[in-house]
Amino acid sequence: MAKSKCKHCESRRETGEGIKTPLGFFCNHDHAIKYGLDNKERGRKKLIAKRKQEKQASAKVDREKTAQRKKELLTRTQWFNKLQSLVNQYVTKVRDVNKPCCTCGTTNPNIKYDAGHFFTRAARPDIRFELTNLAIQCSVKCNQHGSGMRKEYAEFIVNTYGHELLDWLTDESQHKSLKEQYPHWSDIEKEILRYRKLLRDSGIKPIA
């Protein structure tokens, strides 16, 4: 005689000894009832899980829309300030870390160091992110009180990169405006993401 497998306990018995229902074969009515209740509970849990997933997906979309909107509301100045913070951090914590001040040569570990600009951001915004226009510099003596130590900084550039580089930095016609370099805020964001990756790859947590 043919045998069937109980959907509740999974034991096999002769088909004529059990019961058949729309849900399948069962050993007895108790097994059919228990399976039906369990199946209902599984359905309820699946429905709850589905609704939770839908809620999480909806919340994710809302967060992405909010984040996108916040980006769109940032001014170019705010975007550039974010980028400048990362460029400065890269110079002081990665490229020039442990190097001496570019203008006085100090390596005092107990003082603060900046990413000093040869041409300041105000004077030459077009090269504010140009790495050859930046170098590690002691914050107080040279960058602040020494107003950047222009003469010594120029000597550093010539000794490090050559006189041609100094001429190239000085010649404004050789450099595109910030608007030309970064037509849209998304172009600035791409550069921000690039510097964040450079910092993370060097084991440094980005500050912006």
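Q: Which strand do five bridges join to strand S5?
A: The model here is predicted, so local features need pLDDT of at least 70 and side-chain atom pairs 80 or more, while totals for chains, interfaces and linings use all residues. Residues are numbered from 1 along each chain as its sequence is written, and side-chain values use heavy atoms, without hydrogens and water. Strands here are DSSP runs of E with at least two residues, and helices are runs of H or I with at least four, numbered from the N terminus. S5 (residues 113–117) runs antiparallel to its partner (two strands pair at two bridges or more in DSSP), and the five bridges lead to residues 134–138, strand S6.

Q: Which residue of S6 is the bridge partner of His117?
A: Let's zoom in on one of these pairings. His117 has its bridge partner in S6, the strand that covers residues 134–138. That partner is Leu134.

Q: How many of the five residues of S5 are buried?
A: A residue is buried when its relative accessible area is under 20% (exposed is over 50%, partly exposed in between, with a 1.4 Å probe on protein chains only). S5 is largely enclosed by the rest of the structure, because most of its five residues are buried: the count is four.

Q: Is His31 buried or exposed?
A: His31 is found in helix H1, which spans residues 29–73. Beyond its neighbours within four places in sequence, His31 is in contact (heavy atoms within 4.5 Å) with Cys6, His8, Cys9 and Phe26. With a relative accessible area of 17%, His31 is buried.

Q: How far apart in space are Asn28 and His8, C-alpha to C-alpha?
A: Asn28 lies in the loop between strand S4 (24–26) and H1. At 32% relative accessibility, Asn28 counts as partly exposed. Asn28 and His8 are 20 residues apart in sequence, and their C-alpha separation in space is 9.8 Å.

Q: What arc do the buried residues of helix H5 cover around its axis?
A: Helix H5 spans residues 163–170, and its buried residues are Leu165, Leu166 and Leu169. They sit on the same side of H5, because the arc they cover around the axis (taken from the directions from the axis to the C-beta atoms) is only 100 degrees.

Q: Which helix is included in what covers the buried residues of H5?
A: Let's stay with H5 for one last look. The residues being covered are Leu165, Leu166 and Leu169. Their cover includes residues 150–161, which form helix H4.
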